[in-house]
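Reader: Could you take me on a close look at the largest pocket of this model and the parts that surround it? I would enjoy one connected account rather than a list.

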Amino acid sequence: MLAWATFPLLVAGLGAILLLSIWGALVPPGFAGMSAVGPNLVAGAHILALTGLIGWPFALVLLGQFGFASRTSLIVGLAGLATTVLCVATMPLNFDPASGRFGSIVWTLQGPLSALHFEIVLVSLSIFVGSLIVIAMGVDCYRKKSIYPEIVMFFMFSVSLIAQRYSWQRYVEPQLLLTLGVYCSRLPMIRIVLWIVIVWFALYGTLSIFKGFMM
């Protein structure tokens with residue numbers, strides 16, 4: 001059974017070897033300049049920020065199952081705060097096309113807010129909420145003694161993004177929303193939270209569609 005379960009890994013490994021033999025690297029020659037000189041940890045912070053900015057209703061779903069005023073939620077909140085402080089204190093999180101920080105709503109919204117010096121507030125709040133979601137999923141998996149496949153795949157996907165220099169929304173958004181949607185569909189939801197999720201993503205989806213016509 002173990003050998004049969006690892007068969008897809010063997011196929012993927014052979015595919016990677018084939019690409020290495022054709023390209024001489026893990027990416028085509030024309031994309032070689034997209035690789036980061038070293039680990040691009042800002043890409044990880046961007047994933048957290050985007051998670052919090054567009055996926056914030058899932059924080060209500062995840063924390064709701066623990067109880068918003070419970071000890072578990074307090075620990076998750078403190079861990080999220082520590083993660084946010086670490087990211088803001090150690091990483092450049094401003095809009096900077098030369099460094100690959102563009103092409104995302106996280107960076108785009110900084111423009112109008114920069115005149116009011118609120119851009120760091122937006123990024124900090126987004127990272128905080130995103131950290132709550134990620135940490136709460138980790139706590140939930142620990143309590144259930146189970147890690148679902150979508151979590152493993154999204155973790156591996158996120159690690160792969162740290163190897164390249166561009167922090168773009170289009171690299172993250174589809175996988176992010178699918179992962180959170182599939183994971184949270186298993187969880188019980190308070191009726192008001194369910195409606196918040198439905199209304200927010202209906203609005204966000206509508207705005208995303210119209211944005212395509214305005215570009």
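Author: Happy to; what follows starts at the pocket and then moves to the cavity, the aromatic rings and a few single residues. Please keep in mind that this is a predicted model.

Let us begin with the space itself. The largest pocket holds about 560 Å³. Its lining is made up of 26 residues, and those nearest the centre are I47, L48, V134, F155 and S158. Five helices give two or more residues each to this lining: α3 (41–55), α5 (71–90), α8 (119–144), α9 (149–161) and α10 (169–184). In class, the pocket lining has 19 nonpolar and 7 polar residues, with no charged ones.

Among the contributors, α8 gives the most to the pocket, with 7 residues, and it merits a pause. Helix α8 has 26 residues and spans 38 Å from its first C-alpha to its last, close to the 38 Å expected at 1.5 Å a residue. Just after α8 comes K145, with a positive phi of about 55 degrees, although K145 is not a glycine. This residue belongs to the loop between α8 and α9. With a relative accessible area of 65%, K145 is over the 50% cut-off and therefore counts as exposed.

Two further residues can be placed with the help of their partners along the chain. C87 sits in helix α5, and its relative accessible area of 6% makes it buried. From C87 to I147 there are 60 residues in sequence, and their C-alpha atoms are 26 Å apart in space. A59, in helix α4 (residues 57–66), is buried too, at 8% relative accessible area. A59 and V129 are 70 residues apart in sequence, yet 7.0 Å separates them in space, C-alpha to C-alpha.

Now for the enclosed space. A search of the whole structure finds 1 cavity of 30 Å³ or more, and the volume of the largest cavity is about 30 Å³. Around this cavity are A43, H46, I47, L161, Q164, Y166, S167, W168, Y171 and V172. I47 is therefore a name to remember, since it lines this cavity and is also listed among the residues nearest the centre of the largest pocket. Both α3 and α10 supply at least two residues of the cavity lining, and the largest share, 3 residues, comes from α3. The lining of the cavity has 7 nonpolar and 3 polar residues, and no charged ones.

Several of those cavity residues lead us to the aromatic rings. The structure has 10 aromatic pairs in total. One of them joins F102 and Y166: the ring centres are 6.1 Å apart and the planes meet at 85 degrees, so the pair is edge-to-face. The two partners come from distant parts of the chain, with F102 in the loop between α5 and α6 (105–108) and Y166 in the loop between α9 and α10, 64 residues apart. Their exposure can be read from the relative accessible areas: F102, at 27%, counts as partly exposed, whereas Y166, at 16%, is buried, because buried means under 20%. F102 and Y166 also belong with W168 and Y171 to one aromatic cluster. Three members of that cluster, Y166, W168 and Y171, appear in the lining of the cavity as well.

Y166 has a further neighbour to show you. The charged end of R165 sits over the ring of Y166, 5.0 Å from the ring centre. A second arrangement of this kind involves R186, whose charged end sits over the ring of Y148, 3.9 Å from the centre of that ring.

For another aromatic pair, turn to helix α11 (residues 191–214), where W200 and Y204 lie 4 residues apart, about one turn of the helix. Their rings are stacked, 6.1 Å centre to centre with 25 degrees between the planes. W200 counts as partly exposed at 22% relative accessibility, while Y204, at 12%, counts as buried.

To bring the walk back to where it started: the largest pocket is lined with no charged residues, and the lining of the largest cavity has none either. The helix α3 gives two or more residues to the pocket lining and the largest share to the cavity lining.

Key: Residues are numbered from 1 along each chain as its sequence is written. This is a predicted model: local features need pLDDT of at least 70, side-chain atom pairs count only at pLDDT 80 or more; totals for chains, interfaces and linings use all residues. Side-chain values use heavy atoms; hydrogens and water are left out. On a 1 Å grid over the protein atoms alone, a cavity is a set of points where a 1.4 Å probe fits but cannot get out, and a pocket is an open set with protein on both sides within 12 Å along at least five of seven lines; lining residues have an atom within 4 Å of a point. Grid points are joined across faces, edges and corners, and a volume is the space filled by probe spheres set on the points. Ala, Val, Leu, Ile, Met, Phe, Trp, Tyr, Cys and Pro count as nonpolar, Asp, Glu, Lys and Arg as charged, and the others, Gly among them, as polar. The expected span of a helix is 1.5 Å times one less than its number of residues. Rings of Phe, Tyr and Trp (its six-membered ring) pair if their centres lie within 6.5 Å; planes under 30 degrees apart count as stacked, over 60 as edge-to-face and the rest as tilted. Buried means under 20% relative accessible area, exposed over 50%, partly exposed in between (1.4 Å probe, protein chains only). A charge sits over a ring if NZ of Lys or CZ of Arg is within 6 Å of the ring centre and within 35 degrees of the ring normal.
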